[in-house]
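Biologist: Before we discuss any assignment, I should like each term to be set against its criterion. May we look at the model together?

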Amino acid sequence: MIIDINFVGLIIASIMASAVPLILASCGELITERSGVLNLGVEGMMIIGAISGFALMTVTGSLIIAVFGAMLAGVLISTIFAFLTQTLITNHVATGLALTIFGIGISAMIGKNFVGIPGKEFPVLFEGLKDTIPLISPILFGHSIVFYFAFALPFITSYFLKKTKIGLIVRAVGDSPESASNQGINVRIVRYACILYGGAMCGLAGAYLSMIYTPQWIENMTGGRGWIALALVVFSTWNPIKILIGAMIFGGLTIIQFHMQAIGVRIPVQFLTALPYIVTIIVLVVISRDSRKIRLSTPSSLGKSFHKDN
Amino acid sequence: MHKFLIRSFVSSLVLLFTLTVAAIAKDVKAAFVYIGPTGDHGWTYQHDVGRKAVEAAGFKTTYVEGVPESADAERVLRQLANSGHDIIFTTSFGYMNPTNKVAKEFPNVKFEHATGYKREHPNVATYAARFYEGRTILGTIAGTMTKSNVIGYVASFPIPEVIRGINSFTLAAQKVNPNIKTKIVWAFTWYDPGKEAEAAKALIDQGADVIAQHTDSTAIVQMAEKAGVYAFGQASDMDKFAPKAVLTSVENNWGPYYVDRVKAVANGTWSQKDTWHGIGDGMVVISGLDSQMPNDLQAKVKKLQADLASGKVHSFTGPIYDQKGNLMVAEGKTADDGMLAGMMTYVKGVEGDIPK
């Protein structure tokens, strides 16, 4: 097979497209975790976003309503989690798992009426520039707005956490809710906001799957991507830029292993299929092995409930 | 007075009829056990369409979806058998042992296991569809319509059902176009739209201009539509998902068989058997052919369909060689059902190895 340069561009573009839902969900969850809340409901929030986006698109016919509706649905379902964990002080892990199970169930119920309906075409930007520069053009142009947003998000998130006052407040709440509270910060409100933001990003990630990546609704269509997003947050040691790297490696190896199969590389297929999971973990562990930095970036109060009265 | 008599006679007739219907409906309860959700628009969805046909025929039905092929299956089966169901359809290969095990405990309940081969007790029947006949038609179309002579095939798991499909498809494609290559990508999933789309994209990027699939979602035909190549629908008619890409679909049509078997229980004529129906019996249905196919190809496909239905043509007619060149089926012979049921070798012309 001749490897021409445009072919490489096409592969990189597919890798980036497959990384989008992981980046969105991980960056959302990262903010939630940075505030000290462990929300294992990512998969559930994504699938709710997927069905909400698809259903709204089918019913209203408006892509804008559908995209924002999916984010709103993510916010609404994460409100349940926020209320339980922050107001009723329930256990984060158990509540998050329940959220995922709830999300999968309710999305299947709503989705019954939307099976077998084709999705709408989502507009792409800069389509005309797609053939102008070899290699670069297919990577840069001809994608949906959500795609560009996803690739800007890790940098925005990084800037937000490091350079803005609100970012510092979020980190303070995650590292030491007691001190933050003594400084007059309302820990509960900050955590509520971070949980809802995470919900919105997970909703958007789900909508990307059901509206743009594979425009259709079928049950369980997120296929465990929520869990991968969760793992990326941990293995990236709560660093948005490393999330970007991890998501690209994961998406990339999934696609490259398909290409290797199609070319006929004689490596056991089961090994190729497992490769993305193994390599992503190894790479992230290796690039984050500085234990001092891990201690610094791990939110110290992650998963611990905070009572103001104590 | 006359009027009253007639009226009461008629109404008692109606009552009698209603009672009889109610008796049948009450007497026979059918249950269905599904591996996936009914919302998969693929394998399970089509079984559920069959279940609805049973319901429409006046019988009560129950279904349990998303049942793992493990000890859970036994529990679900026992529960269904205990709760007054007379016939239970288990619709996935992995339910084979649980079905036979539970069947032994409930000799009065009929069990119907899809795609399996074990009938250890007189109350267990098996049934499957000859989907490979449909793939012979797809192969013929693919071999004719390809311009790059590279045909992509997204496969799920290396089991005889899938291998048989790949072989049948490739043999048919080679027959009309000896230069074609079938590139196979194993997705190791029955349905994961994202993964299926990525697998299809990889094949398209490597020059495949016709994509066949043995996974269930519509993601592949949608990807084909986006990329401007051809594809085929799987399990149900997927034309509306990709009107330009989909040339035809192979549909699973379980309804007639299900109604037939439930009625047999109602009439007391049910007996154990092994059913393997194809195009001829209507269990495998070819959807409408796309107008992009040239007229002579359409005619050829229609004739092939009729010949497969009548048995004049068999998908596996010799001489067939395996990848190493060993003779599998001699000239003039056709593969018997035993060989088809256990087919785990590629025929000559398929590239790559079967994952072990």
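Modeller: A definition comes first: domain bounds are those of an automatic or database domain assignment. The model itself is predicted.

Biologist: What makes up domain 1 and domain 2 of chain B, and what distance separates their centres?

Modeller: The assignment gives domain 1 residues 12–129 + 254–277 and domain 2 residues 131–251 + 316–341. Taken over C-alpha atoms, the centres of domain 1 and domain 2 of chain B are separated by 31 Å. Ten residues from domain 1 of chain B and twelve residues from domain 2 of chain B take part in the contact.

Biologist: Which helix gives the most to the side of domain 1 of chain B that touches domain 2 of chain B?

Modeller: That is helix α2 (residues 43–56) of chain B, with three residues. By class, this side of domain 1 of chain B holds five nonpolar, four polar and one charged residues.

Biologist: How do you know that the length of helix α3 of chain B agrees with what its residues should span?

Modeller: Helix α3 of chain B has twelve residues (71–82), and at 1.5 Å a residue these should span 16 Å. The end C-alpha atoms of the helix are 17 Å apart, which agrees.

Biologist: Why are the buried residues of α3(B) said to line one face of the helix?

Modeller: Buried means that 20 or more other C-beta atoms lie within 10 Å of a residue's own. In α3(B), Ala73(B), Val76(B), Leu77(B), Leu80(B) and Ala81(B) are buried. Seen down the axis of α3(B), the buried residues fall within an arc of 130 degrees, so they line one face. In general, an α-helix has 3.6 residues a turn, so residues three or four places apart point the same way.

Biologist: What covers the buried residues of α3(B), and what does the face turned away carry?

Modeller: The cover includes β1 (29–33), β2 (60–64), β3 (87–90) and α4 (96–105) of chain B. The face turned away from the buried side carries the exposed residues Ala71(B) and Asn82(B). Just after α3(B), Gly84(B) takes a positive phi of about 85 degrees.

Biologist: How do you know that the radius of gyration of chain A agrees with that of a compact globule?

Modeller: With 310 residues, a compact globule would have a radius of gyration near 19 Å; chain A has 20 Å, which agrees. The C-alpha trace of chain A spans about 65 × 50 × 40 Å along its principal axes, and buried residues make up 52% of chain A.

Biologist: How many helices and strands does chain A have?

Modeller: Chain A has 13 helices and zero strands.

Technical notes. Residues are numbered from 1 along each chain as its sequence is written. Chains are lettered from A and ligands numbered from 1 in the order in which they are written. This is a predicted model: local features need pLDDT of at least 70, side-chain atom pairs count only at pLDDT 80 or more; totals for chains, interfaces and linings use all residues. Helices (H or I, at least four residues) and strands (E, at least two) are DSSP runs, numbered from the N terminus. The expected span of a helix is 1.5 Å times one less than its number of residues. A residue is buried if 20 or more other C-beta atoms lie within 10 Å of its own, exposed if 12 or fewer, and partly exposed in between; C-beta atoms are placed from the backbone. The arc is that of the directions from the helix axis to the C-beta atoms. Two residues are in contact if their C-beta atoms, placed from the backbone, lie within 7 Å. Ala, Val, Leu, Ile, Met, Phe, Trp, Tyr, Cys and Pro count as nonpolar, Asp, Glu, Lys and Arg as charged, and the others, Gly among them, as polar. The radius of gyration is taken over C-alpha atoms; the globule rule is 2.2 Å times the number of residues to the power 0.38.
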